[in-house]
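Open the model in your viewer and keep the selection panel at hand. This tour goes stop by stop, saying what to select and what is there.

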Amino acid sequence: MSRILVIDDQEGMRRSLVILLQKEGYSVEEAENGARAIAHLASGKFDLVITDLKMSPGTGLDVLYYILERHPQTAVVIMTGYGTVDSAVLAMKLGAFDYIVKPFKNEEILHRVRKSLTRSETEREMAALHKTEDSKIPILGESDETKALIEKIRKVARVDLSVLISGETGTGKNLVAKTVHSLSSRRGKSYVAINCSAVPEHLLESELFGHTKGAFTGAILDRVGLFEEANNGTLFLDEVGAMPYTMQSKLLDVLQDRTIRRVGENKHRDVNVRIIAATNRDLEQAVKDGTFREDLYYRIKVTQVHIRPLRERLDDVPVLARSFLDDVRAAHRKPDIDLSPEALVFLLQHDFPGNVRELQNIITSAAAIASGPVITVPDLSLGFTNQLFDVSGRASNEANPGTLEEWERDIIVKSIERNSHNLGKVCSELGTSRTTLWRKMNKYGIK
């Protein structure tokens with residue numbers, strides 16, 4: 001779970017932003033000035049800091065200087081009013097990742113939060129990929145389907161053409177895209193990613209192509225778009241099927257002409273970018289339905305990589321489970337945690353509608369609640385949203401009152417008490433989503 005620090009001397013603004021971010025599942029702390037913020041930063045690591053500029057003691061610029069010196073991997077988003085525009089411009093030049101002008105809408109700040117966290121995570125993952133040898137691909141699996149996928153990735157990486165990655169949600173399209181870039185001739189250049197479904201439509205053009213100062217309300221300085229950031233490298237368009245139809249034509253023009261034009265500017269700028277797009281939708285059907293442009297479809301589908309769902313390659317489950325256990329051992333200080341043979345057999349009987357991501361959540365949840373060093377079948381229960389277990393650990397579609405329900409309720413209550421009623425931390429500990437947690441709390445009458 002990403003950790004965010006919110007800094008603002010206006011309590012109403014600060015608390016509203018904290019509540020908004022907590023509802024999105026983030027772990028959030030707050031500070032009312034720069035001095036208190038620096039104390040927080042000295043005692044723990046944050047993935048993102050959102051700070052106002054005018055505060056005392058300690059301004060937003062003081063916080064930025066401290067982060068740049070001590071925590072350079074922490075992204076910083078500046079909140080600014082029109083009276084502090086010059087300071088916001090200075091902060092961006094010094095190294096702040098983004099800014100937002102007060103007052104702002106919830107969707108605008110959430111977009112910037114997701115963008116900042118995605119960029120930080122991508123930079124860390126790409127740095128790790130660059131350290132691996134060309135012959136090593138960080139895609140795990142022993143099934144014939146995964147072996148064929150790895151070979152396809154090697155071939156696609158060698159040709160400098162657009163790639164369309166298709167597959168269900170949770171199959172690992174993002175990892176495949178990063179791997180293609182890391183094995184390509186552009187590996188030493190930028191890798192920039194954007195989730196087309198997560199960006200509000202009115203912001204998407206500016207995100208992709210950039211804008212000039214004064215192009216619209218809140219544009220207090222020139223901004224380089226993602227195409228320019230990715231110049232000579234790779235731009236990953238995740239969930240490209242969700243791109244609005246009007247934006248599809250503008251994207252097509254860029255891919256055909258290899259030039260972009262910033263919002264509010266008449267000048268065309270040359271770009272040399274490899275496009276990797278991903279979708280969990282049937283784009284051929286979308287073309288027939290008239291919701292996706294046929295010419296754009298064939299432009300991005302010069303080469304294609306399809307990732308099969310996990311239920312079609314269950315031979316990968318043991319090696320993936322072992323890998324996720326390694327992550328748990330490192331992150332949760334459980335060096336001896338392991339999976340019982342019965343638990344592994346049970347996993348192999350599941351169809352994993354959430355694919356690899358679901359398996360990861362199941363393992364993380366089970367490791368968190370396991371009372372001993374071995375994960376048993378009942379320990380797996382919270383990770384499965386559509387199945388219940390009796391005391392013997394067998395899956396069933398009907399609850400067994402007085403056994404599983406009491407046990408599961410007790411697990412949730414203890415986690416809530418242990419985390420001082422912070423539901424974001426409860427979700428992180430149990431490896432489940434906020435929606436699933438709320439549903440189970442309502443089911444068991446937990447207030």
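Select Glu228 and Arg262: both are buried. This is a predicted model. Show the two side chains as sticks; they meet in a salt bridge, 2.9 Å from N to O. Glu228 belongs to helix 9 (residues 226-229), while Arg262 sits in the loop between strand 11 (259-260) and strand 12 (269-270), so the contact ties together parts 34 residues apart in sequence.

**More salt bridges**

The whole structure holds 23 salt bridges. Go next to Asp52 and Lys102, whose side chains form one of 3.4 Å, N to O. Again distant parts of the chain are linked: Asp52 is in strand 3 (residues 48-52), and Lys102 is in the loop between strand 5 (98-101) and helix 5 (106-131), 50 residues away. Are these two buried or exposed? Asp52 is buried, at 7% relative accessible area. Lys102 also counts as buried, at 14%.

Now pick Asp295 and Arg293. Their side chains make a salt bridge of 2.8 Å, N to O. Asp295 is partly exposed at 37% relative accessibility, and Arg293 is partly exposed at 21%. Then select Asp98, Arg112, Lys115, Glu207 and Arg223 together; salt bridges with shared partners join them into one network.

**Aromatic rings**

A search of the whole structure gives three aromatic pairs. For one of them, select Tyr191 and Phe236: the ring centres are 6.4 Å apart and the planes lie at 20°, so the pair is stacked. Tyr191 is in strand 7 (residues 191-195) and Phe236 in strand 10 (residues 234-238), 45 residues apart. Tyr191 is buried at 9% relative accessible area. Phe236 is buried at 1%.

Move to Phe46. Arg3 lies over the face of this ring, 4.2 Å from its centre.

**A strand with two faces**

Colour strand 14 (residues 303-306). Which side chains point to which face? Thr303 and Val305 point to one face and are buried; Gln304 and His306 point to the other and are not. Add strand 6 (residues 163-166), which pairs with strand 14 in the parallel sense over four bridges. Within this pairing, Val305 is the bridge partner of Ile165.

**Last stop: the surface**

Switch on the surface and select Tyr65, Leu68, Leu90 and Leu94. They make a nonpolar patch of about 320 Å². Helix 3 (60-70) and helix 4 (85-94) each supply at least two of its residues. Leu90, in helix 4, counts as partly exposed at 38% relative accessibility.

Note on methods: Residues are numbered from 1 along each chain as its sequence is written. This is a predicted model: local features need pLDDT of at least 70, side-chain atom pairs count only at pLDDT 80 or more; totals for chains, interfaces and linings use all residues. Side-chain values use heavy atoms; hydrogens and water are left out. Patches are made of residues with over 30% relative accessible area and no salt bridge: like charges are joined within 9 Å, nonpolar side chains (Val, Leu, Ile, Met, Phe, Trp, Tyr) within 5 Å. Accessible areas come from the Shrake-Rupley method with a 1.4 Å probe; for residues, only the protein chains shown count as cover. A salt bridge is a side-chain nitrogen of Lys or Arg within 4 Å of a carboxyl oxygen of Asp or Glu. Buried means under 20% relative accessible area, exposed over 50%, partly exposed in between (1.4 Å probe, protein chains only). Two strands pair if DSSP finds at least two bridges between them. Rings of Phe, Tyr and Trp (its six-membered ring) pair if their centres lie within 6.5 Å; planes under 30 degrees apart count as stacked, over 60 as edge-to-face and the rest as tilted. A charge sits over a ring if NZ of Lys or CZ of Arg is within 6 Å of the ring centre and within 35 degrees of the ring normal.
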